[in-house]
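Student: I would like to take a close look at one part of this model, the place where its two chains meet. Please go slowly, since I am new to reading structures.

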Amino acid sequence: MHEVIQAIILGLLTGGVYALMASGQTLIFGIMRVINLAQGALVILGAYLTYSLFTQLGIDPFLSILITTPVMFGVGVLIQTVSLRRLRHGETAQLSILVTYAVALGIEGVLSVTYSATDRAIQPSYANASFTVGGYEISAVRLYACVLSLALLGALFALLRYTKFGRAVRATVQNPMSARLLGVNTETVAAVGFGLGAATAAAAGAVYGVLYSFNAGSHYDLISRLLSIVILGGLGSIGGSVIGAMTMGVVSSLVAVAAPTWADFSFFIVLLVVLLVRPQGLFGATLRDART
Amino acid sequence: MTAERIKYLGAALFFAVLIALPFVFAAHWFVNLMVFTLIYAGASSAWNLVGGFAGYPSLGHAAFFGIGAYLEAIYFTHHSIGDGWLPFAALPVIGVCAAVVGLGVGAIAMRTRADVFAIVTITFLFVVQTLASNLRSLTGGSQGIGIKLPPFPPDTYERPYYFVLVALLALAVGVNMAAVHSKFGPALWAIRADEDRARGVGVPVTTVKLLTFSVSVGIVAMIGAVWAYYLSYVYPQFAIDPLLSVGIVLMAYLGGRTTVWGPVLGTFIIVPAQQYFAYQLGSSEFYLIAYAAVFLVIMLVLPRGILPSIADRIRTGATKKTAEPVPDDERVPT
């Protein structure tokens with residue numbers, strides 16, 4: 001029983017980190033109907049930026065987020081303007097899969113040229129510290145990571161809920177045409193939205209780099225998880241992606257207690273079962289026609 | 001002579017040239033390049049059935065490629081059925097096995113539409129990859145499985161694979177043509193244009209798309225099996241590679257998906273170019289960057305593909321009535 005509860009705690013902490021990455025992914029889909037296969041590569045890019053700041057300048061990985069998020073926001077806006085804006089309407093979703101995959105490959109290529117193929121890890125002094133609460137061990141880094149992720153998610157939620165920009169975003173998600181008629185500049189919303197997605201990737205990347213070792217090819221592993229999470233939660237639903245991420249974290253770490261090599265696999269099974277019952281995911285609205 | 005007969009004659013001529021090719025240019029590097037081109041051409045052409053005609057952009061085809069490769073390799077380790085040409089005899093069995101798996105996968109994945117379908121299928125790809133590394137007793141885990149080198153004469157070593165691949169490409173193109181020229185074709189474009197309406201007017205939507213998916217992945221699995229035998233070695237990251245999935249989609253897009261010959265044309269441009277880049281740039285990192293750049297340019301400049309663009313050019317040139325291109329959803333494949 002002790003082991004099971006320990007695994008659930010670990011799963012929830014891990015899930016929190018994935019929730020942050022996945023929320024960026026699902027936000028981008030919601031606004032632009034773009035499936036961003038580069039989200040994993042952006043997270044890894046964020047991890048490398050944090051790694052450089054930490055090893056070269058000695059900046060604490062959690063503090064470096066203040067630098068990396070604005071930078072990555074710019075990268076995101078740039079990617080959106082250069083590669084995605086020109087896609088024809090009606091086929092955006094399909095074409096965006098290929099275009100963002102190309103972006104992911106490009107980032108992977110640039111990273112492996114810059115940093116070579118060896119695994120990197122960010123090791124701050126508190127990397128192995130942990131608390132003990134009621135007999136359960138909680139890794140300090142994981143706790144900070146999860147708290148930070150949830151705080152940023154809260155900020156993102158507040159941004160979408162209470163600001164004028166947030167209203168513009170939500171209007172664009174619901175109906176781009178009406179939003180345009182009402183004077184929302186949907187092009188700007190799309191660019192800023194992609195920037196926000198990339199910024200969440202920067203923050204998540206810093207955290208990821210502290211928790212796990214990574215190399216330029218790590219984004220394949222990440223993207224398969226992120227996609228599963230957003231599909232499970234329902235594409236476009238930020239709340240759904242948080243629930244999806246927590247489910248993934250808990251299921252994987254519970255299975256890991258019994259059979260570590262099957263941990264990731266188990267989550268895919270959960271995903272397939274959910275899709276069998278609810279093709280639109282847990283919180284996804286049924287799109288009238290997924291192709292438009 | 002009807003237009004239809006010209007098409008069949010053209011196809012026959014194309015395959016006759018392919019068969020004659022290794023006798024004219026016998027250099028190893030050339031036949032080797034052609035073997036890889038044919039692997040991609042067959043896979044892209046088979047993908048086109050479901051990804052192009054039916055409008056279900058599968059990114060999971062590499063999983064079936066890998067399933068075929070592993071079935072061939074596993075068959076080898078458990079049964080000594082002889083070597084040389086005999087292992088090719090296992091191809092139809094492998095194709096049918098993969099098609100059956102495809103029916104099951106399709107039954108779940110095809111409950112979703114276009115974009116979500118793409119994600120579900122790529123997720124399936126990662127599932128198969130995990131299975132290949134975890135089922136150690138069957139697949140050898142991350143070590144992979146070796147296949148005994150067949151005793152083909154060194155001078156013409158590539159030829160048996162080459163001819164089998166030509167046959168498989170002919171099968172893929174043949175199925176594409178049969179689809180276009182039968183009742184099946186219109187059912188597929190109806191599904192692509194508006195699935196709900198197609199169901200409404202009595203198209204057996206579920207049957208048609210599941211059948212298409214399973215035929216498509218069956219062909220891809222057979223090609224994977226030949227690939228495994230040719231390289232005589234399979235391991236998870238290599239046999240089940242997301243790059244293959246996306247590569248065949250890119251080739252179909254370049255040539256023109258929703259056309260019979262588009263994927264073949266796209267492949268015959270991209271694979272030689274790819275090999276040239278790999279040869280010139282050597283180290284894989286720069287190769288990735290170059291590939292990504294080419295990829296982006298193709299998607300942004302020619303999102304409709306070469307053949308549909310040419311067809312529009314001819315149509316507007318001939319009638320001079322309208323410069324409005326036909327939307328892909330209303331296009332009737334040629």
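How many salt bridges does the rule find across the interface of chain B and chain A?

Tutor: Across that interface the rule finds zero salt bridges, a salt bridge being a side-chain nitrogen of Lys or Arg within 4 Å of a carboxyl oxygen of Asp or Glu. Before going on, please keep in mind that this is a predicted model, in which local features need pLDDT of at least 70 and side-chain atom pairs count only at pLDDT 80 or more, while totals for chains, interfaces and linings use all residues, and that side-chain values use heavy atoms, with hydrogens and water left out. Residues are numbered from 1 along each chain as its sequence is written, and chains are lettered from A and ligands numbered from 1 in the order in which they are written.

The polar side of the interface gives a matching result, for the count between chain B and chain A is zero residue pairs in polar contact, with both residues required to be at pLDDT 80 or more. A polar contact is a pair of N or O atoms within 3.5 Å; within protein, one must be able to donate a hydrogen and the other to accept it, and residues adjacent in sequence count only if both atoms are side-chain atoms.

The two chains do touch, however: 47 residues of chain B are in contact with 42 residues of chain A, where contact means heavy atoms within 4.5 Å. The size of an interface is often given as the accessible area lost when the parts come together. Here chain B and chain A bury about 4,100 Å² between them, and 74% of that lies on carbon and sulfur atoms; buried area is the accessible area, found with a 1.4 Å probe, that two parts lose on being put together, summed over both. Within chain B, the residues that lose the most area to chain A are B:Asp115, B:Ile119 and B:Leu300, which together make up 15% of what that side buries.

Which elements build this side of chain B? At least two residues each are supplied by helix 5 (114-134), helix 8 (184-193), helix 9 (195-200), helix 12 (242-255) and helix 14 (284-301) of chain B; helices (H or I, at least four residues) and strands (E, at least two) are DSSP runs, numbered from the N terminus. Helix 5 of chain B gives the largest share, 13 residues. Sorted by type, the residues on this side divide into 31 nonpolar, five polar and eleven charged, where Ala, Val, Leu, Ile, Met, Phe, Trp, Tyr, Cys and Pro count as nonpolar, Asp, Glu, Lys and Arg as charged, and the others, Gly among them, as polar.

Salt bridges can be found elsewhere, since a search of the whole structure finds four over all chains. Helix 9 of chain B, one of the helices that supply the interface, holds both B:Glu195 and B:Arg199, four residues apart, or about one turn of the helix, and their side chains meet in a salt bridge at 3.8 Å, N to O. B:Glu195 is buried, with a relative accessible area of 3%, whereas B:Arg199, at 43%, counts as partly exposed; buried means under 20% relative accessible area, exposed over 50%, and partly exposed in between (1.4 Å probe, protein chains only).

B:Glu195 also meets B:Lys209 in a salt bridge, at 2.6 Å from N to O. B:Lys209 lies in helix 10 (residues 205-231) of chain B while B:Glu195 lies in helix 9, so the pair ties together parts that are 14 residues apart in sequence. Both residues of this pair are buried, and salt bridges that share partners join B:Glu195, B:Arg199 and B:Lys209 into one network.

Chain A offers a further example, in which A:Arg225 forms a salt bridge with A:Asp221, with the closest N and O atoms 3.5 Å apart. These two residues are four residues apart in helix 9 (residues 219-233) of chain A and are therefore separated by about one helical turn. A:Arg225 counts as buried at 15% relative accessibility, and A:Asp221 counts as partly exposed at 35%.

For contrast, consider B:Arg159 in helix 7 (residues 159-180) of chain B, which is buried yet has no salt bridge, the nearest side chain of opposite charge, B:Glu158, being 6.7 Å away. For such charges, Lys and Arg count as positive and Asp and Glu as negative, while His and the chain ends are not counted. Not counting residues up to four places away in sequence, B:Arg159 touches B:Pro22, B:Phe23 and B:Ala26.
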